[in-house]
Amino acid sequence: MAESMHEDLILDVQNISKVFVSKGVSVKAVTDISFQVRRGETIGIVGESGCGKTTLGRCIVRAIEASAGKVLYRTQKGEVVNFLSVDAKQMKGIRREIQMIFQDPYSSLDPRMTVIDIIGEPIKANYPKMPKAEREQMVIDMAARVGLNTTYLKRYPHAFSGGQRQRIGIARALILRPRLIVCDEAVSALDVSIQAQIINLLKDLQKEMQLTYLFISHDLSVVEHISDRVGVMYLGKMVEFADTESLFSHPLHPYTEALLSAVPVADPEVHMERIRLKGEIPNPANPPKGCYFHERCAYCTEMCREKPPLLRQCNGHMVACHRAEELKLKGFEYSDP
Amino acid sequence: MTDRQQQKLLKKQEKARRKEEKYYLASQWTLMARKLTKHKLARVSLAILGIFYVVALFGGFFAPYGLESYDASYKDTAPTQIHFRHEGEWYGPFVYKLSMQRDPVTYKKVFMEDTTTPYRLQFFVQGEPYRILGLIPGNIHLFGAEGGAKVMLFGSDSLGRDMLSRIILGSQISLTIPFAGTFISFILGLLIGSASGYFGGKVDAVIQRVIEVLNSLPSIPLWMALSAAIPPEISVTQKYLLITVILSLLGWTGLARVVRGKFMSMKNEDYVLAARLAGVSDFKIIVKHLIPGFMSYLIVTLTLGIPGMIIGETSMSFLGLGISSPATSWGVLLKDAQNIANIANYPWRLIPLFFVVIAVLAFNFLGDGIRDAADPYK
């Protein structure tokens, strides 16, 4: 294989783009995104609705085909392959290593199958010769591991609560022993108390099974809690990518600053000055000239209107802003524990 | 609290727990059936249809006379009157024989009851032989009059045949053609609709245009053309089959559209994507996730499609394009009610119409009930 990457890396996303064409109008949902994922870490991807985070996640697991770019992946055997161009035969072996956890615990489980069949379906598809008893034992073990009551597995999904359903979805994703999991808004549909349970479960499983997560969410506090590194997306582009702590305390991109200011703080004493963005998110079918964010940016200059900024290294962050060095932006103030 | 009371309470709790457990273990079909039984109109309709079909199935037994048996002296008689008192004394249900006379002024036929001898009505009388489903022979009829008297609850037609018997035996055709027809439509609609929804693009566009063309053709001239294509010398059963095929060749379009729509919307469900990511093959996804997913909607469409077929068969036969004598369906019976003189003089000729209306309404209400039951958001 001609492809190669650094030993620590499990995933190397290179210049991924996705263009949706409908009735002659093309919409760039994801534009030229690159980042690298180390083995065993959690990458958070944040951004507001419609910024392309879900499309990015789906391109990486090949639920939809990317228009351009590469996703280099190191398989269990140590080979490096471009996951987006492997043929059907190779795919069979690798498919099970990259799985996904879905946002909506209601639509992601087939209402016409019992839970034991739902969790067992991936085994059935990949190991059709495995006897039923063995398969069901695997399902029961996995269900116990994600904290489901195993006496209820013969029930249908309608008998379970949202949190339990999400556990079912997690069990299904993990049953084939994958190595990389894309969590697409995995906790956004749940109550806050359940969110915490599920996040802790994901963290525990990560330690036990050496999982790597790509955690897509619009909820900054969740991302801050779970991620090692965070990427911020705006209108299909990555605008900032850095270590979680550094990104939250010293953002370098004005959009990141605005996002952080919107995070509610559970302390009545702390008064955060909320930065209100002007205007609406631009139409991705007709993005503005120059920096995509300039129309809403408080620090916009002539250059921002003309020239699109490139993602570049700056103070340990990757950032796409012309004025990253000179701006003094306000980060998230951690209140004392 | 005494021990016994406590035990009773425990038992009650246990019962409630079991009931709850049963609900959790219920598949979607069980849940649907449960909701359907709560729908009053659907329940009544189901009962009515059940009666209709049982009567049609055992038509030979329920009909007091055969399809073709006639009595020349009972032409165009009004529904037979049932009496209970003979010469002022209680006698039980009985009928009198009729004798025909002419009105001296108008020359109109008048039937007079011959009140000298009463003929008792009896259950399980011996009568004409018949075969249930063409196999099981029998000659016992549910009811009849003793002696040579006739009991015709819905009157008789111009040849002196009992209307009730003909309605019952006609229902064997009128109520089964729609089923055979919808079955063929169902297969066609499912196949063509799935192809349309699954492949999309050009295949979809072509199929949709064909459906539009088929839908825009006026149905009566099309029926005429198609039934003109049936050779006249074939037997009644073959003709019956061909009529079914004609009806279903035109009836699949609605179903194909439903299937296509469902296919397209369910293709993008998260659980389908999850199955794909797990490595499940396309074919398995269609069979295990997609088709079961819209089966309930298909059944609704089918139930709502049957009345259309009943009406289709009735109108074809009414126009003389469909079933024709000696075979009998409700449409054939209504053909007798085509001219105004018949309706004015013998209004009982319209009785088959009520059965058409009741059957169609019952199917519609049942379809409504199933649709409500299949809707998970209700």
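Two strands are said to pair if DSSP finds at least two bridges between them. With that in mind, good morning, and let me begin with chain B of this predicted model. Strand β2 of chain B, residues 89–102, and strand β3 of chain B, residues 109–132, pair in the antiparallel sense, and 8 bridges join β2(B) to β3(B). One of the residues to locate here is Lys97(B), whose bridge partner in β3(B) is Asp114(B). The two strands form a hairpin with 6 residues between them. In that turn, Tyr107(B) has a positive phi of about 65°.

On its way into this hairpin, the chain passes through another. Strand β1 of chain B, residues 83–86, pairs with β2(B) over 3 bridges, again in the antiparallel sense. His83(B) in this pairing stands opposite Phe94(B). Here 2 residues lie between the strands, and Glu87(B) in the turn has a positive phi of about 50°.

Let me now turn to the domains of chain B. The domain assignment gives domain 1, residues 64–160, and domain 2, residues 175–374. Their centres, taken over C-alpha atoms, are separated by 39 Å. How many residues of each domain of chain B are in contact with the other? There are 8 from domain 1 and 6 from domain 2. On the side of domain 1 that touches domain 2, 4 residues are nonpolar, 1 is polar and 3 are charged.

The next topic is the meeting of the two chains. In the model, 18 residues of chain B are in contact with 24 residues of chain A. On the chain B side, the elements that give two or more residues are α10 and α11 of chain B, the latter being residues 282–318. The largest share, 6 residues, comes from α10(B). By class, this side of chain B has 11 nonpolar, 5 polar and 2 charged residues.

That brings us to the cores. The largest nonpolar core has 97 residues, and those touching the most other members are Ile119(A), Ala171(A), Cys183(A), Leu214(A) and Tyr234(A). Helix α10 of chain B, residues 270–277, gives the most to this core, with 6 residues. A second, separate core holds 62 residues, among them Leu169(B), Trp252(B), Met316(B) and Phe365(B). As general background, nonpolar side chains in soluble globular proteins tend to be buried together.

Tyr234(A) deserves a closer look. Beyond its neighbours within four places in sequence, Tyr234(A) is in contact with residues including Gly47(A), Cys51(A), Tyr255(A) and Phe293(A). Cys51(A) also serves as a reference point for Pro284(A): the two are 233 residues apart in sequence, yet their C-alpha atoms are 8.7 Å apart in space. Pro284(A) sits in the loop between α9 (254–261) and α10 (302–306) of chain A. Is Pro284(A) buried or partly exposed? Pro284(A) is partly exposed, because 19 other C-beta atoms lie within 10 Å, while a buried residue would need 20 or more. Leaving out residues up to four places away in sequence, Pro284(A) touches Val27(A), Lys28(A), Ala29(A), Leu235(A) and Gly236(A).

I turn next to the strands of chain A. An open sheet of 4 strands runs in the order β2-β1-β4-β5, with antiparallel pairing. Its edge strands are β2 (25–38) and β5 (80–82), each of which pairs on one side only. From one strand to the next, the twist averages 20°. Strand β1 of chain A, residues 9–22, is joined to β2(A) by 10 bridges, and Leu9(A) stands opposite Arg38(A) in β2(A).

Elsewhere in chain A, strand β6 (residues 98–101) and strand β7 (residues 180–184) pair in the parallel sense over 4 bridges. Met100(A) has Val182(A) as its bridge partner in β7(A). From β6(A), Ile98(A) and Met100(A) point one way and Gln99(A) and Ile101(A) the other way, and all are buried.

Two residues of chain A complete this survey. Glu185(A) lies in the loop between β7 and α6 (192–209) of chain A, and its phi is near 50°, a positive value in a residue other than glycine. Glu185(A) counts as partly exposed because it has 19 C-beta neighbours inside 10 Å. Asn315(A), in the loop between β11 (312–314) and β12 (317–319) of chain A, likewise has a positive phi near 50°. Asn315(A) is exposed, since 11 other C-beta atoms lie within 10 Å and the limit for an exposed residue is 12 or fewer. Thank you for your attention.

Technical notes. Residues numbered from 1 in each chain as written. Chains lettered and ligands numbered in written order. Predicted model: local features only at pLDDT ≥ 70, side-chain atom pairs only at ≥ 80, totals over all residues. Core = buried A, V, L, I, M, F, W, Y, C linked by C-beta atoms within 7 Å. Contact = placed C-beta atoms within 7 Å. Nonpolar A, V, L, I, M, F, W, Y, C, P; charged D, E, K, R; others polar. Axes fitted to C-alpha atoms, helices over the stretch in contact; angles between N-to-C directions. Domains from an automatic or database assignment.
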